[in-house]
Amino acid sequence: MGQELDTRARLDGKTVNGKAQLETDYVLFRGTGKKVSAARVKISFRDIRSLDANEGWLRIRHSAGVVELDLGPRAEKWLEKIRSPRGLLDKLGVTPGAAVSLVGAADAEFRGRLADRGCTISESAPARGTALIFFNAESRKDLARAKPLASRLAPDAALWIVYPKGRKHITENDVIAAGRAAGLKDVKVVGFSATHTALKFVIPLANR
């Protein structure tokens with residue numbers, strides 16, 4: 001989840017009230033009120049040319065112009081988050097050298113990231129007491145594997161179910177239902193890639 005703040009922005013020489021939102025890879029400003037509701041600017045981090053914070057204003061120069069956000073004491077914090085965004089593996093809780101079990105067709109780019117971090121990767125059936133399992137589910141039928149995978153988890157381990165986003169044949173509700181039916185609790189969601197989402201499941205404290 002991102003951070004959202006009621007604030008004002010300087011756009012094309014005009015000051016507009018609205019909401020500023022900081023996400024993992026973009027900044028969004030939306031104007032509020034009938035006259036300025038069309039004021040909307042979305043800036044991807046990759047399009048940012050320069051950043052600076054001064055007296056509570058965050059100035060973002062990007063490929064399409066300049067936007068200034070009145071963030072007060074948050075200006076410096078947002079600047080640092082934009083300059084040094086958390087990587088995918090950090091958001092997934094993958095530490096350097098971690099033992100990771102991959103179940104299902106693994107994304108090649110993700111596999112490469114794990115290798116670069118020095119992780120030990122297993123693609124056979126997870127052993128009992130496994131600490132970190134990434135399960136790729138492409139359909140509701142695949143979700144039947146969630147329960148046997150849950151039985152392989154260590155008490156404080158995590159099962160991440162990775163599934164296609166924005167599809168009708170497998171939805172977030174389907175994934176959550178499968179995880180809960182396996183006796184797990186859903187605790188976090190992460191944008192895994194442009195096409196997939198990851199949901200984190202853990203064993204409830206009372207059952208560890």
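I began by fixing what counts as an element: helices (H or I, at least four residues) and strands (E, at least two) are DSSP runs, numbered from the N terminus. The model is predicted, and I kept in mind that local features need pLDDT of at least 70, that side-chain atom pairs count only at pLDDT 80 or more, and that totals for chains, interfaces and linings use all residues. Residues are numbered from 1 along each chain as its sequence is written, and side-chain values use heavy atoms, with hydrogens and water left out.

**Entry on two loops.** I looked up D12 and found it in the loop between β1 (3-11) and β2 (14-22), where it has a positive phi of about 50° although it is not a glycine. I then asked whether D12 is buried or exposed. With a relative accessibility of 79%, D12 counts as exposed, where exposed means over 50% relative accessible area, buried under 20%, and partly exposed in between (1.4 Å probe, protein chains only). I turned next to E55, which sits in the loop between β5 (48-54) and β6 (57-62); its phi, near 50°, is positive in a residue other than glycine, and E55 counts as exposed because its relative accessibility is 75%.

**Entry on T7 and T32.** I placed T7 in strand β1 and noted that T7 counts as buried because its relative accessibility is 12%. Not counting residues up to four places away in sequence, T7 touches V16, N17, G18, A20, F29, D70 and L71, a contact being heavy atoms within 4.5 Å. T32 lies in the loop between β3 (26-31) and β4 (40-44) and is partly exposed, with a relative accessible area of 38%. Leaving aside its neighbours within four places in sequence, T32 is in contact with N17 and G18. I also looked up the pair T32 and R117, which are 85 residues apart in sequence and 43 Å apart in space, C-alpha to C-alpha.

**Entry on helices α3 and α5.** At the start of α3 (residues 108-116), I found a side-chain oxygen of D107 that reaches to within 3.0 Å of the backbone nitrogen of E109, and after this helix comes G118, with a positive phi near 80°. Which residues of α5 (residues 172-181) are buried, I asked? They include D174, V175, I176, A178 and G179, and the buried residues of α5 pack against α4 (146-150), β11 (153-164), β12 (185-191) and β13 (196-202). Just after α5, I noted that G183 takes a positive phi of about 85°.

Key
Polar contact = N/O pair within 3.5 Å; in protein donor to acceptor, adjacent residues only side chain to side chain.
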